[in-house]
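Hi everyone, thanks for making the time this morning. I'd like to walk you through one structure, a few pieces at a time, so please have it open in front of you.

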Amino acid sequence: MTTPTGIDKIAFHIPAQYLNLAELARRDGTDPDKYHTGIGQTRFAVAAHDEDVVTLAASAAALILDDADKAAIDTVLLATESGIDQAKAAAIYVHQLLGLKPNCRAVELKQACYSATAGLQLACAHVARYPEKKVLLIASDIARYDLQTPGEATQGAAAVAMLISAQPRIAVLEGDSGCHTADVMDFWRPNHRSTPLVDGKLSTRTYIEAASAACADYLARGGLPFAAFAQYCYHLPFNKMASKTHQRLCQQHGIAFDPAKLEPGLAYSRDIGNSYTASLYLSLCSALDARDDLGGKAIAMMSYGSGCVAEYFALRIQPGYRNHLHSASHRAQLDNRRALTLAEYQHLWQRPDSSGHPDITFPADDNAPRYRLLAIEKHERRYGYA
Ligand code: HMG
C-alpha cells in the first residue's frame, strides 16, 4: 500500500488593507452590480509597498510551523508568478526568515496560477519516498493589472502556506490527476513588464475548455465519478468564473448544479480577489473553515494557470481536520483590515521601482506585526520582522 501523503497544515496571510469595488465603480461610472453580481466580487486585497511575495509567504508560513516541523522540513517550494528576481528563488529568502535548517533545498516554481499544484505533486512524491521528512509549500502572489483596464477589478493578493507530510491530518492527495496543457496566449507577462498582457474573453473561454479537458482526463484515468464530491474548489480569478465552469461541468456530466457544494469555497475570494497561485488553496481554506461535515469526504480541486495548464484532482479530507485549521486567524485577518480610499489605493498600486534608484527604504504602512521589506540597498532586498 502506498503511504498516504498530503496537507498536514494550511493557513493564509493577506495584506491589512483592501479596496471596495464600489470605489472603482464610482471612479469609472460603472454599475457596482457589474462587480458584485456580474463577476461575484466585493473587495480586493491591496499589498503595501513593504509587502512582496516573500513577506506574504513568510508571514503565512510562520502561522503553521513549530520547531518540530522546522527540524523535519528538507524542502521549501514557493510557487509564484509575481516573483522579485529572475534568478534567485524567493524560497531562499523565506527559508532564511523562518530560520530553517541549512541542509534543505529551496526552489521557486512558475506556471501562471497553476504552479502550486505542481508543487503539491512534487512534495507528495517526496514525502512518500521519505515519510519522516516534510515539505513547506507556499503559494504567494500579488495580482496586478493596469489601471482602468477590465482586469483591474480582478486584482488581489495572498499567500497560502501548506505543510506537506506523510499521514497528513487535513487532506490526503488521492489517486491520479487529470491534466491538460495547450499553448494559448490568453494571459502572459513578458520579462520587461510589471503587469500582464491579457485577452480577457479568450482567457475565460480557455479556462472552461481546459477545466473540461482536465476533468475528462481525470475520469479517463479512473478517477472518482464527477458526482462523488462533497465540495468543488476551483482556481478563482473571480467567483463567477467558478460558478460558470462548475455549471458547465455539471451539465456535461449530467448532474444537477448544487450551489451548496461550491459556494463555501468562494467566501474568502469574494473579499480578497485573485491571488493567482494561492487562489485555489484559498478556496480550499474557505471550504474547510466554513464546513464541519467534510471528514472522510472527497473535494474536487480544479487548478488552472493561463498559458495554459489545468489539473483536476481529489483531496480526501481527514476525520478531525477541524482541530488543525487556522480559521480564527483567517477570520481575524479579514475582520481587522482597513478600507482604502481611491487615492490611497492608486498610491499603493504604483509599486516603488528600484531599477533607477539603487537605494529605497520602506516605511511601515500599518502596525500589524509581520514580515516586511525594509529596504532595497544596491539592488539587494533587506527583510525583517516588525
Ligand atoms: P469585462 O469584459 O469588463 O466584463 O471584464 P464583462 O463586460 O464581460 O462583464 C462581466 C460580467 O458582468 C458579464 O457576465 C456581464 O454580463 C456582467 P457574463 O455575461 O460573463 O455572465 N455585468 C453585469 N451584471 C450585473 N449588473 C450589471 C452588469 N454589467 C455587466 N450592471 C474580464 C471581464 C474577465 C474580461 C476581466 O475582468 C479580465 O480581463 N480579467 C482578467 C482575466 C481573467 O481573470 N480571466 C479569467 C480566466 S484566466 C485565469 O483564471 C488565469 C489568471 O488567474 C491568471 C493566471 O493564470 O496567471 C487570470
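**A walk through the model**

Let's begin with a single residue, S243, which sits in helix 8, residues 239-252. Before I go on, please keep in mind that this is a predicted model. Is S243 buried or exposed? Its relative accessible area is 16%, and the cut-off for buried is under 20%, so S243 counts as buried. What does S243 touch, once we set aside its neighbours within four places in sequence? The contacts are F257, L262 and L266. As for L137, that residue is 106 residues away from S243 along the chain, and the two C-alpha atoms are separated by 27 Å.

Now to strand 12, which runs from 298 to 305. All of this strand is tucked away: 8 of its 8 residues are buried, so strand 12 is largely enclosed by the rest of the structure. If you look along the strand, A298, A300, M302 and Y304 point one way, while I299, M301, S303 and G305 point the other way, and both sets are buried.

Which strands pair with strand 12? One is strand 11, residues 231-234, which pairs with strand 12 in the parallel sense over 4 bridges. There you can find Y232 opposite A300. Another is strand 13, which runs antiparallel to strand 12 and is joined to it by 8 bridges. In that pairing, Y304 stands opposite A310.

Please zoom in on the turn here. Strand 12 and strand 13 make a hairpin with 3 residues between them, and G307 in the turn has a positive phi of about 125°. The peptide bond that leads from G307 to C308 is cis, with omega near 5°. C308 itself lies in the loop between strand 12 and strand 13, the latter being residues 309-317.

Let's move to the start of the chain. Strand 1, residues 5-13, is mostly covered, with 9 of its 9 residues buried. Strand 1 pairs with strand 7, residues 156-166, in the antiparallel sense over 8 bridges, and A11 stands opposite A161 there. Strand 1 is also joined to strand 8, residues 171-181, by 2 bridges, again antiparallel. In that case I7 is the residue opposite A171.

Two loop residues belong with this part of the tour. Where is Q148? Q148 is in the loop between strand 6, residues 134-143, and strand 7. Its phi is positive, about 55°, although Q148 is not a glycine. Q148 counts as exposed, at 59% relative accessibility. Then there is Q167, in the loop between strand 7 and strand 8. Q167 has a positive phi too, near 50°, and is likewise a residue other than glycine. With a relative accessible area of 56%, Q167 is exposed.

On to the helices. Two packed helices are described by the angle between their axes and the distance between the axes. Helix 1, residues 21-28, and helix 2, residues 32-39, have axes that come within 7 Å and cross at roughly 135°. That makes helix 1 oblique to helix 2. In the contact, L21, A22, L24 and A25 of helix 1 meet P32, Y35 and H36 of helix 2. By class, that comes to 6 nonpolar residues, 1 polar and no charged ones.

How do helix 3 and helix 5 pack? Helix 5 covers residues 90-97, and the two axes lie 9 Å apart at an angle of about 45°. Helix 3 and helix 5 are therefore oblique to each other, and their crossing is right-handed. From helix 3 we have V53, V54, A57 and A58, which meet A90, Y93, V94 and L97 from helix 5. The classes here are 8 nonpolar residues, with no polar and no charged ones.

Helix 3 leads us to the last stop, a sheet. This one is open, made of 3 strands in the order 15-16-17, with antiparallel pairing. Which strands are at the edges? They are strand 15, 360-361, and strand 17, 380-385, each pairing on one side only. Strand 15 is joined to strand 16, residues 371-377, by 2 bridges, and the partner of T361 in strand 16 is A375. Helix 3, residues 53-64, packs on this sheet and touches strand 16 and strand 17, with its direction at about 150° to that of strand 16.

Thanks for listening, and I'm happy to go back to any of these views.

Key
Residues are numbered from 1 along each chain as its sequence is written. This is a predicted model: local features need pLDDT of at least 70, side-chain atom pairs count only at pLDDT 80 or more; totals for chains, interfaces and linings use all residues. Side-chain values use heavy atoms; hydrogens and water are left out. Two strands pair if DSSP finds at least two bridges between them. Contact means heavy atoms within 4.5 Å. Axes are lines fitted to C-alpha atoms, for helices over the stretch in contact, and angles run from 0 to 180 degrees between N-to-C directions. Buried means under 20% relative accessible area, exposed over 50%, partly exposed in between (1.4 Å probe, protein chains only). Angles under 35 degrees count as roughly parallel, over 145 as roughly antiparallel, 65 to 115 as roughly perpendicular and the rest as oblique. A crossing is left-handed if the near helix is turned anticlockwise from the far one by less than a right angle, and right-handed if clockwise. Ala, Val, Leu, Ile, Met, Phe, Trp, Tyr, Cys and Pro count as nonpolar, Asp, Glu, Lys and Arg as charged, and the others, Gly among them, as polar.
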